[in-house]
Amino acid sequence: MKRISILLCLIVFMAMTASGQSKTYATSGLEVIFSFADIEQGGVSQSSTLRFAPVFNLSSMLNRDVTDRFGLFTGLAVRNVGYIFDNYDDFAENATYKKKFRSYNLGVPVGIKIGDLDRMFIYAGYEAEIAFLYKEKTFEGGDKIDKITGWFSDRQDIFQHGFLVGVQLPKGANLKFKYYLSDFHNQDFVDGAGHKPYEGLNSQVFYFSLNMMIFRNTEIYMYD
């Protein structure tokens, strides 16, 4: 999987930098995220609750349309990613809590676009992200009893990555699905009491999102 990701990045990079009759332009947009997670704790599969994240999810893309039906893209994105776990087992306290986990990530996507690039097309790619701001909230009986925040927290795997696929609709609306290949948490993390709160907790976030103007906006065109 890692080799495929590296190969995709190299192909997109070489195509983005190659000369020719292609069209290169920059776009920017917003993303509204509806996320879940594949969860397994202590060898038992668990379910997650829908998490709605309308802010702050921003992206700036560099597009290269090789033809009118095939293009490439890369860029930068900042997004709010996480999941809600209603039945988190705290083995140290022999208790079950509701947890809300999230982090702000800085991402670099690379991908391809296929279809009518002026109207409607599909796209797919890979994105590597750095998780830079972590937050965890704990609830018991509907009441928040604890909150943890931290920059570049050891509680989380700082490097996050996954694959994405989507469809660009006319007029600027865009639907996307993304699945993270990396675990959200660092299972080896040890807290101040000497416990490993995420040991045995496997969680891969996935989400659906509504995007606006990611591949279309006030464009600056550069022709080779």
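Strands here are DSSP runs of at least two residues, numbered from the N terminus. In this predicted model, R51 lies in strand β3, and its surroundings make a good place to begin. R51 is buried yet forms no salt bridge. The nearest side chain of opposite charge belongs to E31, 11 Å away; because a salt bridge calls for a side-chain nitrogen of Lys or Arg within 4 Å of a carboxyl oxygen of Asp or Glu, E31 does not qualify as a partner for R51. What the side chain of R51 does have is a polar contact with the side chain of N80, at 2.7 Å. N80 also appears among the residues that R51 touches, once those up to four places away in sequence are set aside. That list further holds I33, F34 and S35, the run V81, G82, Y83 and I84, and finally F101 and R102.

Beyond strand β3, the backbone offers some details worth a look. A cis peptide bond links V55 to F56, with omega about -20°. F56 sits in the loop between β3 (51-53) and β4 (58-65).

Two residues that are not glycine carry a positive phi. For F152, phi is about 50°, and this residue is found in the loop between β8 (143-151) and β9 (159-168). F152 is partly exposed, because its relative accessible area is 47%. For M213, phi is about 65°, and the residue is placed in the loop between β11 (201-212) and β12 (220-223). M213 likewise counts as partly exposed, with a relative accessible area of 29%.

Technical notes
Residues numbered from 1 in each chain as written. Predicted model: local features only at pLDDT ≥ 70, side-chain atom pairs only at ≥ 80, totals over all residues. Heavy atoms only, no water. Helix = DSSP H or I, 4+ residues; strand = E, 2+ residues; numbered from the N terminus. Buried < 20%, exposed > 50% of the residue type's maximum accessible area, 1.4 Å probe, protein only. Lys, Arg positive; Asp, Glu negative; His and termini not counted. Polar contact = N/O pair within 3.5 Å; in protein donor to acceptor, adjacent residues only side chain to side chain. Contact = heavy atoms within 4.5 Å.
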